[in-house]
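Please look through the sequence and the model shown here, and then follow the paragraphs below, which go from one part of the chain to another.

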Amino acid sequence: MKKSLLTLIFLIALGTVPSQVYAVDGAIPLDAKLEYNQGVDYYKLGLYDKAVKAFREAIAIYPDYIDAYYNLATILDYTNQHSEALSVFKQILLRNPNDYESVYKAAQICAKLGDYNNVKSYVNIIPPVSEYYKPARALVEKLAIKTDTPAPAVNSPSKAAKTVGIYENIVSPTGITSDNSGNIYIATFTDNTILKITPDGRRLVYVKNPKISGPISLASDSVGNIYVANYNANNVLKITPEGLVSVLLEGVSKPYGLHVNNNLLFISSQGSNAVIRHKIVR
């Protein structure tokens, strides 16, 4: 049975994840298991790049390590590296074509990539007896896919496309700000994450931290600090350019809007029907 990181998220929330997680298959070499466990530990700390590296190391040692493939693909998908995640799921299916969970995940990623014909191809693999049959069919119906759906034209953009850019597949985006280098930072409310989009379009997880709870608004100052209206936690956070997270203001009832003007931070408080002014100490 795969020990997916999606399952581990819930175990972490319950405080029941053991310090080490071992694969069941006794044929897996010990050093591969150690790399796998290190990947889980890195994931729990929000160190996704290191987790990815550890899972890749586990796979390099034992190329049939299905759990490592699955968790690697899950992180890549979660950090919006969808094409890379799809390639990893394909490696699982080469080893076990009847892994219908991975088939369903591949279909979902194809939907994110706009590859609707392959969504249908993957969905058609899943038999009615599988628990993933109904959600896979629901995915097809939601996208209203037909076998003859043409691929979107990439060489003939519309007039609007020349002036309007869209960053898609962002989970519950709320606040947005930028820095002097042209990077864009986006708060995702339900995912409790701050994303970063670089000027060349690369999408990264900038901060995933337990202190972040329901981020609504973002604001940035002249030296690169980012301020977060932490709606569910009733506080305002400060994130340094190095990614360090601290609580700047406690007891702000339902903080909503943020604005920085020189050395002053203004916060609108929905819960108290007020606007708070705070002097920024850099």
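In strand 4, Val207 is the bridge partner of Ile194. This pair belongs to a longer run of pairing, since strand 3, residues 193-197, is joined to strand 4 by 5 bridges, and the two strands run antiparallel. The model in which these pairs are found is a predicted one. Strands of a sheet, in general, pair through backbone hydrogen bonds, and they can do so in a parallel or an antiparallel manner.

Widening the view, one finds an open sheet of 4 strands, arranged in the order 1-2-3-4 with antiparallel pairing. At its edges lie strand 1, covering 173-178, and strand 4, covering 203-208, each of which pairs on one side only. From one strand to the next, the twist averages 25°.

Beyond this sheet, the loop between strand 4 and strand 5 (215-220) holds Pro210. Is Pro210 buried or exposed? With a relative accessible area of 78%, Pro210 is exposed, because a residue counts as exposed when this value is over 50%. Although Pro210 and Thr193 are 17 residues apart along the chain, their C-alpha atoms are separated by 9.5 Å.

Further along the chain, strand 9, residues 255-261, is joined to strand 10 by 5 bridges, and these two strands run antiparallel. Asn261 stands opposite Leu264 in strand 10, and the hairpin that the two strands form has 2 residues between them, with Asn262 in the turn taking a positive phi of about 55°. On its other pairing, strand 10 is joined by 6 bridges to strand 11, residues 274-279, which again runs antiparallel to strand 10. Here Ile267 stands opposite Ile276 in strand 11, while the hairpin of strand 10 and strand 11 has 4 residues between the strands and includes Asn273, with a positive phi near 50°.

What do the two faces of strand 10 (residues 264-269) show? Leu265, Ile267 and Ser269 make up the covered face, whereas Leu264, Phe266 and Ser268 make up the uncovered one. In a regular strand, side chains alternate between the two faces of the sheet. Ser269, on the covered face, has 3% relative accessibility and therefore counts as buried, the cut-off being under 20%. Apart from its neighbours within four places in sequence, Ser269 is in contact with Val252, Ser253, Lys254, Ala274 and Ile276.

Turning to the nonpolar interior, the largest nonpolar core has 46 residues, of which Phe55, Tyr65 and Tyr122 touch the most other members. At least two residues of this core come from each of several elements, including helix 2 (30-44), helix 3 (48-61), helix 6 (100-113), helix 7 (116-123) and strand 3. A second core, separate from this one, consists of 13 residues, among them Ala219, Tyr227, Val236 and Val252.

Two of the helices that supply the largest core, helix 6 and helix 7, can be examined as a pair. They pack at an angle of about 165°, and their axes lie 8 Å apart. This angle makes helix 6 roughly antiparallel to helix 7, because angles over 145 degrees count as roughly antiparallel. The crossing in which helix 6 passes helix 7 is left-handed. Where the two helices meet, helix 6 contributes Val103, Ala106, Ala107, Cys110 and Ala111, and helix 7 contributes Tyr116, Asn118, Val119, Tyr122 and Val123.

Methods
Residues are numbered from 1 along each chain as its sequence is written. This is a predicted model: local features need pLDDT of at least 70, side-chain atom pairs count only at pLDDT 80 or more; totals for chains, interfaces and linings use all residues. Side-chain values use heavy atoms; hydrogens and water are left out. Two strands pair if DSSP finds at least two bridges between them. Axes are lines fitted to C-alpha atoms, for helices over the stretch in contact, and angles run from 0 to 180 degrees between N-to-C directions. Buried means under 20% relative accessible area, exposed over 50%, partly exposed in between (1.4 Å probe, protein chains only). A nonpolar core is a set of buried Ala, Val, Leu, Ile, Met, Phe, Trp, Tyr and Cys residues joined through side-chain atoms within 4.5 Å. Contact means heavy atoms within 4.5 Å. Angles under 35 degrees count as roughly parallel, over 145 as roughly antiparallel, 65 to 115 as roughly perpendicular and the rest as oblique. A crossing is left-handed if the near helix is turned anticlockwise from the far one by less than a right angle, and right-handed if clockwise.
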